Amino acid sequence: MMGGQISGKSGASGSLQPEIEARGLEIFARMNGQKPGVFRNITGRLMDWSMRNEPLKMQLFRFVDVLPTLNSPGEIARHAQEYLGGVTAGLPAPVLWGVRVSPKMPWLAAFAARKGVAQMARTFILARNGIEAVPALRKMRRLPLAFTMDILGETAVSELEAGQYQARYLELIEDLAREAANWPAVKQIDCDERGDIPRVNISVKLSALYSQIHPADPEAAIERISARLRPLLLAARQRGVFINLDMESTALKDVTFEIFKRLLDEPGLRDYPHAGIALQAYLRDSERELEELLGWAKSQNRRITIRLIKGAYWDYETLLARQRGWPLPVFQNKAETDANYEKLARRMLENQRFINCAFATHNVRSAAACIVHAEKLGLPRSSFEFQMLHGMAEPVKLALAGMGYRVRDYCPVGEVLPGMSYLVRRLLENTSNEGFLRATFKELVPPEALLRDPAEAAHAADNDRERHHDNEYGGIMDREHFQNEPLTDFKIADNRRRMQDALQAVRTEFGRKYPLVIGGGEVWTEGEITSINPARPGEVIGRVAKAGRAEADAALHAAGAAFPKWSRTSVEERARVLERAGELLRRERFELAALEVFETGKPWIEGDADVAEAIDFCNFYASEMRRIAACRYAVPGETSIHHYIPRGIAVVIAPWNFPLAILCGMTTAAMVAGNTVIMKPAEQSSVIAWRFMNVLQRAGMPAGVVNYLPGPGEEVGAWLVEHPEVSLIAFTGSRKVGLGIFEAAGRVKPRQKHLKHAVCEMGGKNAMIIDNDADVDEAVPAIVYSAFGYQGQKCSALSRLIVLKDNYDRVLERLIEAARDLKAGRPEEPGTVMGPVIDRAAYDRILDYVELGKQEGRLAFQGQVPEGEGYFIPPVIFTDVSPLARIAREEIFGPVLCVFKAQNLDEALAWANGTEYALTGGFFSRSPGNIERVKAELEAGNVYINRGITGAMVARHPFGGFKMSGTGTKAGGRDYLLHFLLPRVVTENDMRRGFAPEEAGDE
Ligand SMILES: Cc1cc2nc3c(=O)[nH]c(=O)nc-3n(C[C@H](O)[C@H](O)[C@H](O)COP(=O)(O)OP(=O)(O)OC[C@H]3O[C@@H](n4cnc5c(N)ncnc54)[C@H](O)[C@@H]3O)c2cc1C
């Protein structure tokens, strides 16, 4: 059984099934066949259509999502066409007609669509603010329904926004407390079994209170969120208001629990009884969370409120875990969630002395189970409450209120634009195939079926999984095929501890000496490369032997000597060396990432991602070589073997910015193909490169197959590139050096018997276009990370942001605020986003560009430089720059971003394509038509839509560009190894005197 144990065949409620069914039937009887409003009005019709066909549902909800950002009838009509023109099955004739004529009568489409969204907003959103909500609250109290109020708008992208959100909450507390003081008491909702309870109940989402939540640094999040939440709790305490913390995605779960406990333990809040927290029953570890909360409440001898919910982010959590290869945090079967809900509900009720129970569900079965468990424990009706969302399941609310229970309506207030993600979540919830609401009110499933014990179905699902040998990854791990190495999940405390330990361990090695490795032997030289910590240039990471021409000749000799045997070593054996290397990298990943932190100034997450990518290269190229090796064609009487042979000696010249991944990728590609390799790493990252060499040796690579030869590029690199015995050069680095290599490789030298092949990956001047209808909440964090992550020192980094005019001011304003709050500092500190640039030369060069930018444009923003001796450069943003200016055309390789305002997409594309580079490019838009156009027309080797433009993953995003960005090879792609091989065909006539062996067939 995976994750939390739910129950046996009959679950927490098994023996109580008849009573639960009876209570459930009573609720259904009271509902008397009524439907919630949401299933009746325009929203209901929209949901009706969407439930007829999944693709239509997707398109409809996406159209609804983008609508509030569209500010002209023409734009609305165009989007209606683009979203709905192609998926018509399920739409009624008048709507179809409307979509078809919308280009001719845009005002009609705009009127209908705006009316629809306004009504939807009225369905789920109570009002624009607390004061405007008061008349509706008064009405609700007459039913009687209590309320909890939440302010729409979730993730804050800057501290300015987080501060504004806090201010709105303070205002809400004040306004509602003042109003509520005059309301006549309604016993059913204003009292529990112990006496009066607050009339004003407020729900808070913590992600809105801090913009820089970083998985590696929960302490910073706890501190900063607490600083904003504390005044809310103190104000609530003073005004007798209840505060409940909502629970969001798992990224925030531990932080939320910790803040709740720590703040309530503070002297000013220790005796404040009106605070609660949500607990999500769809989480596999929710039972443990409940026990921890309970243990804490007992230890404090206090009573807390727990709002038990199932959880609203099921799809998101499932998709994210699948994309990242992380264990699934949520149950995969709805019945498991339902059964767990009942189990947790019972446990909460049993501990009612410490837990004030709030059951948030619209599901009659779940509610009936809570009621019966409470009755069995002899608890009065007033000792717990039900909570439901505004605009949903009104008949259930009224039935329970009619039975004398306290029912609380969760009422969001705010504007439609920030509320869209909330609205879409509600639409999805109401139309979910698995959901209770759709089954009850739309599909009219008989009550008896809806009231079945979920534990039985959960048990069946569990058996089914065991039969299929699924694992904790929900059956997605398929060892037969390549799988990306999961990134380390730093929100897990143990991973953070391992990283801290690794940083400590790596420190003890500082200053060590490292030899060259030639032909399997260590070679020491007189000269040495001093590799330093760019965050503290006085700190020496290692002293590495420095190769000159003599050592380069020795390496050529060793590689030449090893070639005959290695080139004939079986593909299987070569592939296994790579896989063993991948395994060693995996075992040592924390230490390697820690070394990157010190030697190349990579923040934790960047260092970890680089190691994961190196592991991917080992495994991917091993599997690719096996695939390529098996290639044979046959016709009767003739066999042709189309196979590949290695080219010879390869020189690998690697950069420092992905010190392990790129070095490892080029080297393993060359060696698994049967070439022998001279590996020349960048001087700045030569200690990491030595570690990689050491890994290869331990993985069983024979002597001489790879030779480790750090040395000055101009001397050793140039000598090797020109050498007639070298067959292949794999280079990643600057355009200047790359072009020199490309040219040199083309010159045939005396004694040279072959044409050299050059694989050159060079720079970029990458653009991202932001459309008028783009989701700015999503775009801003992606821009910030793409432009300033690893200090902009990625060839994929964003340096030209082109914003269409309607969105320009909004994007620029939010971008500057978001950049202002980036945490800059020493990369070994968890949570640092911007560390130092690599060395003094880079530092001076980037600052020169900043000075140039001040002449060529307007300095819109320059961040603070952290104190200390490191090579720190703050994020810099320029506007009013000509697309032809030098800072708009030349690769800077630092945290410098130019922002342009384009009148339309034609202009944006012309600017984006207007450089000599074509590496990465991005587009944020919610117009399907524009997205298709950009997919086709943006000149970049890697085009990213609605996401950041860095972070390519092996196999999923083969990486590399064209034009002056490179030779069009794709690292981590299916064609890549072919560049390290020569194709060859052997054809044999199998026919002898008219007889031939039986046809073997193609492989
Ligand atoms: C007052 C209130 C406050 C809320 N606050 C929060 C909050 O802070 N955080 C939050 O996340 N949600 C919150 N919600 C939303 C809540 O999680 C959903 O409304 C709720 O999950 C719907 O559950 P149900 O019992 O009404 O419906 P049901 O239809 O019985 O259950 C639907 C739920 O089942 C789960 N589920 C669906 N498919 C699967 C599957 N294949 N495998 C496993 N489980 C599945 C999901 O959790 C889904 O939401 C709140 C809801 C209310 C009423």
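In strand β4 (residues 201–204), the side chains of Asn201 and Ser203 point one way and those of Ile202 and Val204 point the other, with all four residues buried. This arrangement fits a familiar pattern: in a regular strand the side chains alternate between the two faces of the sheet. The structure discussed here is a predicted model, and strand β4 makes a good starting point for a walk through it.

Two neighbours of β4 can be traced. On one hand, strand β1 (residues 146–151) pairs with β4 in the parallel sense over two bridges, and methionine 149 has isoleucine 202 of β4 as its bridge partner. On the other hand, β4 runs parallel to strand β5 (residues 242–245), to which four bridges join it. Here isoleucine 202 appears again, with isoleucine 243 as its bridge partner in β5. Isoleucine 202 is thus a bridge partner of methionine 149 and also of isoleucine 243. The connection from β4 to β5 involves helix α10 (residues 218–239), and together these three elements form a right-handed β-α-β unit.

Turning to the ligand, 30 residues surround it, the closest being Met247, Gly311, Thr361, Glu429 and Phe436. Several polar atoms can be placed with distances. Glutamate 429, one of those closest residues, has a polar side-chain atom 2.5 Å from an oxygen atom of the ligand. The backbone contributes too: a polar backbone atom of histidine 362 is 2.8 Å from an oxygen atom of the ligand, while a backbone N or O atom of phenylalanine 331 lies 3.3 Å from a ligand nitrogen atom.

A further residue worth a visit is glutamine 352, in the loop between α14 (334–350) and β8 (355–360). Is this loop residue buried or exposed? Glutamine 352 counts as buried because its relative accessibility is 10%, below the cut-off of 20%. Leaving aside residues up to four places away in sequence, glutamine 352 touches Glu193, Arg194, Arg303, Leu379 and Ser383. For the last of these, serine 383, the C-alpha atom is separated from that of glutamine 352 by 8.3 Å, with the two residues 31 apart along the chain.

As for confidence, the protein chain has a mean pLDDT of 92, and 96% of its residues reach 70 or more. Residues 1–7, however, have pLDDT below 50, and this stretch has 20 contacts in the model beyond near neighbours in sequence. Residues 469–479 also stay under 50, with 17 contacts beyond four places in sequence. Where pLDDT is low, the predicted coordinates should not be read in detail.

Definitions and conventions:
Residues numbered from 1 in each chain as written. Predicted model: local features only at pLDDT ≥ 70, side-chain atom pairs only at ≥ 80, totals over all residues. Heavy atoms only, no water. pLDDT = per-residue confidence, 0-100. Contact = heavy atoms within 4.5 Å. Buried < 20%, exposed > 50% of the residue type's maximum accessible area, 1.4 Å probe, protein only. Pairing = 2+ DSSP bridges. Right-handed = clockwise from strand over helix to strand, strands pointing away. Near = heavy atom within 4 Å. Polar contact = N/O pair within 3.5 Å; in protein donor to acceptor, adjacent residues only side chain to side chain.
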